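Visitor: I'd like to talk through some aromatic rings with you. Could you pull the structure up first?

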Amino acid sequence: MNARVIARRRKSSAFFGGILKRFGSSRSNLNPGGRRIVAEVDEEKQTKADRWRGLGFDTSDDQQDITRGKGTVDSLFQAPMGSGTHYAVMSSCDYVSTALRQYSLDNTMDGFYIAPAFMDKLVTHITKNFMTLPNIKVPLLLGIWGGKGQGKSFQCELVFAKMGINPIMMSAGELESGNAGEPAKLIRQRYREAADIIAKGKMCCLFINDLDAGAGRLGGTTQYTVNNQMVNATLMNIADNPTNVQLPGMYNKEENARVPVIVTGNDFSTLYAPLIRDGRMEKFYWAPTREDRIGVCTGIFRADNVPKTDVVKLVDAFPGQSIDFFGAIRARAYDDEVRIWVTEIGVENIGKRLVNSKEGPPTFEKPVMTIEKLLEYGNMLVQEQENVKRVQLADKYLSEAALGDANQDAMDTGNFYGQAAQQVDFPVPEGCTDPGAGNFDPTARSDDGTCLYQF
């Protein structure tokens with residue numbers, strides 16, 4: 001075979017790169033006959049006079065700019081080629097910060113918002129614990145801690161539901177017992193129960209709520225018991241040997257499945273320091289951003305048809321409050337409906353209507369939640385918080401033999417005798433409130449000046 005034949009074969013072979021034929025798959029379509037039509041572009045046949053030269057293999061990202069300017073700017077005001085909205089200045093990767101990691105995760109579950117950072121941390125931790133990574137020691141425990149009422153437990157439940165996980169739950173109340181060693185044994189039992197579910201082919205995890213409340217030292221008055229010590233020691237042992245968790249008195253060489261453990265709390269500095277070291281526990285401080293708070297509150301008020309703009313105003317009006325605070329605002333909105341229902345049915349008939357009633361539970365119309373009403377309820381809750389901080393009744397009880405001036409604050413502010421409860425025109429029975437009068441009315445709550453006296 002001569003050199004001319006070899007050169008001709010190389011030139012006609014796409015493998016050797018002699019002729020590159022580019023196929024625009026994005027411009028392919030299905031004709032009515034069902035056959036696929038592929039646009040074939042041959043670079044050698046294109047000349048400089050070709051108007052659409054290079055269109056088939058254009059790698060620029062001008063579609064973003066074209067879409068942004070199309071239909072909004074008249075063609076007369078479009079700049080010539082080389083500038084204007086139809087000129088690709090940056091590629092798509094330049095629009096996104098290189099420090100920001102974005103994943104195609106659907107962070108909603110049944111209409112509820114899941115914070116992307118929260119979901120990323122929890123999903124990554126659970127996934128890593130089910131993988132075998134080379135020469136990598138993955139911490140078994142994930143400690144999610146942060147301020148009170150920030151939705152840590154609820155966000156975890158949403159992520160579990162998103163992943164199809166039915167976790168084994170524990171609470172801080174189960175970490176203490178009258179019998180020494182029972183809580184530590186219970187942790188091992190729950191862990192092995194989750195391991196059995198994994199062995200049957202379904203993902204599972206162990207979820208412990210408020211670990212610091214059951215195993216932490218909250219001040220010098222907290223009693224450190226044997227159970228506290230054994231709970232810390234048991235969690236440390238499980239973190240070090242996650243596939244060899246035995247029950248007391250039962251020791252065999254059969255390995256159990258590795259179970260990721262997720263714990264929540266408010267202050268992990270109260271926990272035993274060796275338990276929260278990096279090799280055993282991966283720690284995640286949860287502090288929701290403004291966008292996270294808006295997203296969660298949108299889910300809270302989603303059934304009440306509250307506009308997104310009103311939710312944003314409500315969140316911005318109370319920047320230092322927890323997420324549970326906004327749930328309490330929504331609960332307050334139903335207080336008026338309950339008061340109206342109590343007025344209609346009568347206080348004496350509440351028990352018959354609510355407990356074991358043939359008519360079933362009462363139903364209410366959804367109250368109209370305006371931004372003005374929501375802000376009013378929010379300010380009421382803030383005032384109650386201020387009362388707790390300002391009126392230190394415990395100090396007064398210890399320093400005085402009786403109440404003394406414990407109610408002086410309420411008298412000075414004019415909120416004495418339950419005025420805070422009267423948020424609507426609730427009927428207050430009037431009559432004679434003087435027991436010495438002839439027409440004394442024991443059911444009257446306020447005096448109307450009709451008392452009659454016999455002398």
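Visitor: Is Trp145 buried, partly exposed or exposed?
Guide: Keep in mind that this is a predicted model. Trp145 has 25% relative accessibility. Buried needs under 20% and exposed needs over 50%, so Trp145 counts as partly exposed.

Visitor: And Phe268, buried or exposed?
Guide: Its relative accessible area is 3%. The cut-off for buried is under 20%, so Phe268 is buried.

Visitor: What kind of aromatic pair do Trp145 and Tyr285 form?
Guide: Their ring centres are 4.7 Å apart, and the planes meet at 55°. Stacked needs planes under 30 degrees apart and edge-to-face needs over 60. Because the rest count as tilted, the Trp145 and Tyr285 pair is tilted.

Visitor: How many residues apart are those two along the chain?
Guide: Trp145 sits in strand β5, while Tyr285 belongs to strand β9. That makes the pair a link between distant parts of the chain. The separation is 140 residues.

Visitor: Is Tyr285 buried, partly exposed or exposed?
Guide: Tyr285 has a relative accessible area of 48%. Exposed would take over 50%, and buried under 20%, so the label for Tyr285 is partly exposed.

Visitor: Which residue has its charged end over the ring of Phe112?
Guide: The charged end in question lies 4.3 Å from the centre of the Phe112 ring. A charge over a ring has to be within 6 Å of the ring centre. The residue is Arg302.

Visitor: Which residues form one aromatic cluster?
Guide: This one is quick to list. The members are Phe118, Phe284 and Trp286.

Definitions and conventions:
Residues are numbered from 1 along each chain as its sequence is written. This is a predicted model: local features need pLDDT of at least 70, side-chain atom pairs count only at pLDDT 80 or more; totals for chains, interfaces and linings use all residues. Side-chain values use heavy atoms; hydrogens and water are left out. Buried means under 20% relative accessible area, exposed over 50%, partly exposed in between (1.4 Å probe, protein chains only). Rings of Phe, Tyr and Trp (its six-membered ring) pair if their centres lie within 6.5 Å; planes under 30 degrees apart count as stacked, over 60 as edge-to-face and the rest as tilted. Helices (H or I, at least four residues) and strands (E, at least two) are DSSP runs, numbered from the N terminus. A charge sits over a ring if NZ of Lys or CZ of Arg is within 6 Å of the ring centre and within 35 degrees of the ring normal.
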